[in-house]
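Work through the exercises below with the model open beside you. Try each task before you read its solution.

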Amino acid sequence: MHPVLALFLLFSPPAAHEPPALLLHGGSAAPRAWLGAVRSALWVCWDDGSRRGAPDPACWQRVDLPPGAPDPREARAAFLDAATAVVRGADDATFVLTRGDPSLQPADSAIDPRERLTAIACSPSGHVPIYSRGRWAWAPSPCPLPAGQCVRGPALGRLRRPGGLDFFVSLELRAQARQGVGAVHEATTSASVVASLGVAFDPLRWLGRQLAWQELHAARHPQLRELPPTRSRGPLAIAEREALAAIVCGGEVR
């Protein structure tokens, strides 16, 4: 738990010690939206991102629950986009919540959200909503980055596929010396150069070359390497992930 969040809970008066709010973050579909359940009341935050740092506490508004609406603590919910959320009860009754309309409206039952609102200790957006004494506040509590992947580029350059024929060239220098017999004969020396060109094919050697080439060729393809979750939080977690990716892959983070 973040130190600020711990101090907030520690020094709150006893009346503020109530069950924690159940929350659902909008995820990638609605990164600035939240659903919150306090007892049997449903709340929604459509933050516009106009403030730097913590979201605006005034973004929260209570949702009007029509007859037959599910208990928010037991319902399943999902954000479809930055302005639409879907809530579904145990009886499969489905409702939609639209930005600008503070009430649940019946919706197509084919939509099947699966997540439930739950108490969370950290937030991917860096701040956790807290409900205390009838109002909402925000406490900084970023989450560590989850496990990820990085792309490792090719470690070898372009390879030429080995052929099956071996060519060879040889040069041979031959020298002959003749010694004359008698005083009137002189010694003679002759030299000749012999050049040879050959072609050979060895099936076993060719097969070994092909196997070695395939292994080296496979190493040229980009590879995905696993990265563990970060131990740091917030901006430091991003720096930790980038440094680890540079060591493991030397490539981009996914």
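The exercises cover aromatic pairs, one helix and one sheet.

This is a predicted model, in which local features need pLDDT of at least 70, side-chain atom pairs count only at pLDDT 80 or more, and totals for chains, interfaces and linings use all residues. Residues are numbered from 1 along each chain as its sequence is written, and side-chain values use heavy atoms, with hydrogens and water left out.

**Exercise 1.** Classify the ring pair W43 and Y131.

Solution.
- Start with the rule: rings of Phe, Tyr and Trp (its six-membered ring) pair if their centres lie within 6.5 Å; planes under 30 degrees apart count as stacked, over 60 as edge-to-face and the rest as tilted.
- The structure holds seven aromatic pairs.
- In this one, the centres of W43 and Y131 are 5.8 Å apart and the planes stand at 50°, so the pair is tilted.
- Now place the partners. Strands (E, at least two residues) and helices (H or I, at least four) are DSSP runs, numbered from the N terminus.
- W43 lies in strand β3 (residues 41-46) and Y131 in strand β10 (residues 127-132), 88 residues apart.

**Exercise 2.** Classify the ring pair W60 and W136, then decide whether W60 is buried or exposed.

Solution.
- The centres of W60 and W136 are 3.9 Å apart and the planes are at 10°, so this pair is stacked.
- W60 sits in strand β4 (residues 60-62), W136 in strand β11 (residues 135-140).
- Buried means under 20% relative accessible area, exposed over 50%, partly exposed in between (1.4 Å probe, protein chains only).
- W60 has 8% relative accessibility, so W60 is buried.
- W136, at 7%, is buried too.
- Both rings belong to one aromatic cluster, formed by W34, W43, W60, Y131, W136 and W138.

**Exercise 3.** Check the length of helix α3 (residues 235-248), then find its buried side.

Solution.
- The expected span is 1.5 Å times one less than the number of residues.
- For the 14 residues of α3 this gives 20 Å; the end C-alpha atoms are 20 Å apart, which agrees.
- A237, R241 and A245 of α3 are buried.
- They cover an arc of only 70° (taken from the directions from the helix axis to the C-beta atoms), so they lie on the same side of α3.
- The face turned away from that side carries exposed P235, L236, E242 and I247.

**Exercise 4.** Which strands are the edges of the open five-stranded sheet?

Solution.
- Two strands pair if DSSP finds at least two bridges between them.
- The order is β8-β7-β6-β5-β9, with antiparallel pairing.
- β8 (105-106) and β9 (115-116) each pair on one side only, and these are the edge strands.
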